[in-house]
Amino acid sequence: MTDTTRRSLLGGLAGIALARPACAQPLPVPGASGRVVVVGGGFGGATAARSLHQAGLAVTLIEAEATYTACPFSNEVIVGLQPMAAQRFGYEGLKASGVTVVQARATGIDGRARQVTLADGTTLAYDRLILSPGIALRFDALPGYDEAAAEVMPHAWKAGAQTELLARQLRAMPDGGTVVLAVPGNPYRCPPGPYERASLIAHFLKTRKPRSKLIVLDAKDTFSKQKLFEAAWTSLYPDHLEYVPLASGGQVTAVEPASLTVRTDFSEYKAAVACIIPPQRAAPIALSAGVADRTGWCPIDPVTFESRLVPGIHVVGDAAIAGAMPKSAFSANAQAKVCAQAVADLLAGRTPVTPKLINTCYSLVAPGYGISVAGVYHPANGVLADVDGAGGTSPLDAPSSLREAEAAYAAAWYRTITGDVFG
Ligand code: FAD
């Protein structure tokens, strides 16, 4: 993302107002009929299910959990700025709107037979399937870091028990301790998320454990909204946050949970609290469906989100390879609407329209201090590419009133998107 300003974003948005923006609800599609199944009821899947229903199709949503726990704003939960209850959403709204919701884990997908198998052995036939199963943490990627290690050194990259564990550890640590945050290389869920977490942990230490310090060990040298984050860290957290990029030996090479030790090529860090965000890939059901490639993520057609590997299966959200679009809840929601419209068009025998999609990611670097990045995307050369001249970040030299406004926009965005998806 270039460091262009909000003005160029607005220019780009004005341009796409002429096209049908991805944030619009799908329209009823006359003549669309067929069996549509959606697997995964998070930001992507729940949106897709509602949108398919609005397009006039009968849709079944398969979701493993009775309650969805949202990741956006979970960094705020970790440092006590948001209650955990504000992260939880049920499926009553979706059911009331007419979507059939089945609480079950999908254990197999047969792309040839066009059939989904559930944990209890039930099978569901489909004409088109939309998969939005999210991510899996790669417990094979970092020596010493497995599921048991995550109970000691939480990733907190799937919201829920892990979020609460990290929050408890921070509250319990002695003042004067070192917190270590390990950040993976690209691609991973929520590119600015680790830096928002770093900022808020630094804020927590500054205000609650002032003799403590956070060390951020990063497997890369550049990251989303970098200039904005670094400027904020310099002014707000000079004594509480140390950032170590790849070039300075930031890549974590191994961890030892028993001694809370984090190793890099050059150093060894003894942590009071260690948050390790490991590399990721698409969730297991995507792999078993055959829609993930050797990268562990799912290549898709950028107009319809149909898998490039298995016809009839569409993939949206974090699991998909969406080109320039980041893996975010905002993206998942936008992609799901485009994909649902395309599925309805295909089932009606029409050619899907070429979409334009928008993403905005807000981050809080302190209470009342928000920053954002926005982008507009379109299919180009077989992938989702940035629309030239559109998108941008918050200005570097903004007054505190703008930072405050962006913090309020972030909270409003969360209320709006969770209402749109689960309301
Ligand atoms: P998910 O939301 O993970 O949903 C996947 C669903 O599929 C889950 O409910 C799961 O139970 C279900 N599932 C998986 N496998 C199966 C199966 N086999 N059978 C049945 N169900 C299954 N994004 C933003 O836009 N803004 C933010 O501010 C933001 N902040 C974030 C902060 C943090 C700390 C983190 C970690 C992420 C943040 N994100 C943010 C990213 C956002 O949470 C993800 O991009 C988003 O959740 C992706 O949606 P999804 O539908 O692809 O996957």
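By class, how many nonpolar, polar and charged residues does the shell around the ligand have? In this structure, which I should say at the outset is a predicted model, that shell has 18 nonpolar residues, together with 10 polar and 7 charged ones.

Let me stay with the ligand for a moment. There are 35 residues around it, and those that come nearest are Gly44, Glu63, Tyr68, Arg189 and Asp318. Turning to individual atom pairs, an oxygen atom of the ligand is placed 2.6 Å from an N or O atom in the side chain of Arg189, while a polar backbone atom of Gly44 is 2.9 Å from a ligand oxygen, and for Phe330 a polar backbone atom is likewise 2.9 Å from an oxygen atom of the ligand. Taken alone, the ligand would expose 1,000 Å², and the protein buries 93% of that.

As for where the shell comes from, the elements that give two or more residues are helix 2 (43–54), strand 2 (59–63), helix 3 (74–78) and helix 10 (329–347), and helix 10 supplies the largest share, with 3 residues. At the level of domains, both domain 1 (3–134 + 283–422) and domain 2 (149–276) give residues to this shell, so the ligand lies between them.

Finally, I would like to turn to strand 11, which covers residues 178–183. Of its 6 residues, 5 are buried, meaning under 20% relative accessible area, so strand 11 is largely enclosed by the rest of the structure. Strand 11 pairs with strand 12 (residues 213–218) in the parallel sense over 6 bridges, and Val180 stands opposite Ile215 of strand 12.

Methods. Residues numbered from 1 in each chain as written. Predicted model: local features only at pLDDT ≥ 70, side-chain atom pairs only at ≥ 80, totals over all residues. Heavy atoms only, no water. Near = heavy atom within 4 Å. Polar contact = N/O pair within 3.5 Å; in protein donor to acceptor, adjacent residues only side chain to side chain. Areas by Shrake-Rupley, 256 points an atom, 1.4 Å probe, with all protein chains shown as cover. Helix = DSSP H or I, 4+ residues; strand = E, 2+ residues; numbered from the N terminus. Nonpolar A, V, L, I, M, F, W, Y, C, P; charged D, E, K, R; others polar. Domains from an automatic or database assignment. Buried < 20%, exposed > 50% of the residue type's maximum accessible area, 1.4 Å probe, protein only. Pairing = 2+ DSSP bridges.
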